[in-house]
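Work through the exercises below with the coordinates open. Try each task before reading its solution.

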Amino acid sequence: MSDYVLLSDSTTDLPPGLAEELDVALVPLTYIVDGVDYDDRWEGVSESGRVSHSAKEFYELLRSGKVITTSQVSEYRFMEFFQQYLKAGKDIVFLALSSGISGTYHQAANAAKKLLDTYPGRQVTVIDSTVASMGEGLYLYLAAQKRKAGITYDKLVSYMMSVRTKVNGWVTLDDLQFLKRSGRLNAPASVFGNMLSIKPIITMDKLGHLIVNKVVRGHKKSLQMLVDSVTKRADDPTNNPIFISHADCLATAEEIKEQLKKRFGTKTIITSSIGSVIGSHCGPGTIAVFFVGQER
């Protein structure tokens, strides 16, 4: 049995069951509707017994104009989460949502620092993923495969640092007002994007900040740009996995999946719904493609 565990947070947006299959535990972030807190899990039950919304219910709330806010994991909650493994004699590698859009990484790092004073013989490495949604999920998936193969703790950390900025994500949004409202994208970019069906293509820089990479006119062209990004930037898209996340637009995600299979013969393509925390900021109709490729 391995002497360390690989952990992450719910914004990996992995499909149901995959985290368990990878032997990875996820700590949930929180979304808030009408002053009520819910775990970032589709129809999951929180410690308080409260049941979260389904993906369909959640995105219908956004479409109706409901304002949904989010909350990162507290330092105290991270200490609780980590301590159960440290008490069992396990070292920890934790992959966090990009610090460019959330304080989750810093909360986790602060918790780890405090715990190491209590468990001086243990190791806790907190890694800033610099990505989000299934980009973080793909990063976690790659790390989990290495861990499954028996890689040591130190070598896993080295591998994860070496591959971090090679995880590419290309995103097209249906309505940039959600990112504008959350402060993740500046107001001029969001206004420009909603004029005349112009669709900016959003990527993340090396530090995990959202940037407008390109602009195209029309939804169809924006989807084609996602597929083309794999052609131009991916490393061996036939054998390396590609992840696709979507905000209540599964048919479009499946269409992109088929295009990728046809073009590259990709062996592993995993599609999943964008979770409530990320979804509240990007809004319904968002599509994203993630792959390993050129340095961001």
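The exercises cover two strands and two loop residues in this predicted model.

**Exercise 1. Burial of β8**

Determine how many residues of strand β8 (residues 167-172) are buried, and what follows for its surroundings.

Solution.
- Step 1. Apply the cut-off: buried means under 20% relative accessible area.
- Step 2. Take one side of the strand. V167, G169 and V171 are buried there.
- Step 3. Take the other side. N168, W170 and T172 are buried too, which leaves both faces of β8 covered.
- Step 4. Conclude. Six of the six residues are buried, so β8 is largely enclosed by the rest of the structure.

**Exercise 2. Partners of β8**

Find which strands pair with β8, and in which sense.

Solution.
- Step 1. Look at strand β13 (residues 287-292). Its pairing with β8 is antiparallel and spans six bridges.
- Step 2. Locate a contact across this pair. W170 faces V289 of β13.
- Step 3. Look at strand β9 (residues 198-204). Here β8 pairs over two bridges, again in the antiparallel sense.
- Step 4. Locate a contact here as well. V171 is opposite I202 in β9.

**Exercise 3. Strand β1**

Sort the residues of β1 by the way they point, then identify the strands it pairs with.

Solution.
- Step 1. Recall the rule. Side chains in a regular strand alternate between the two faces of the sheet.
- Step 2. Sort. Y4, L6 and S8 point one way, while V5, L7 and D9 point the other way.
- Step 3. Check burial. Six of the six residues of β1 (residues 4-9) are buried, so the strand is largely enclosed by the rest of the structure.
- Step 4. Pair with strand β6 (residues 91-96). The two run parallel and are joined by five bridges. V5 sits opposite I92 in β6.
- Step 5. Pair with strand β2 (residues 25-27). Three bridges join it to β1, also in parallel. L7 has A25 of β2 as its bridge partner.

**Exercise 4. Positive phi**

Evaluate phi for D34 and D248, and place each residue in the chain.

Solution.
- Step 1. Set the expectation. Most residues other than glycine have a negative phi.
- Step 2. Read D34. Its phi is near 55 degrees, a positive value.
- Step 3. Place D34. The residue lies in the loop between β3 (30-33) and β4 (36-39).
- Step 4. Is D34 buried or exposed? Its relative accessibility is 60%, so D34 counts as exposed.
- Step 5. Read D248. Phi is near 60 degrees, a positive value in a residue other than glycine.
- Step 6. Place D248. Its loop connects β11 (242-246) and α10 (250-264).

How values were computed. Residues are numbered from 1 along each chain as its sequence is written. This is a predicted model: local features need pLDDT of at least 70, side-chain atom pairs count only at pLDDT 80 or more; totals for chains, interfaces and linings use all residues. Side-chain values use heavy atoms; hydrogens and water are left out. Buried means under 20% relative accessible area, exposed over 50%, partly exposed in between (1.4 Å probe, protein chains only). Helices (H or I, at least four residues) and strands (E, at least two) are DSSP runs, numbered from the N terminus. Two strands pair if DSSP finds at least two bridges between them.
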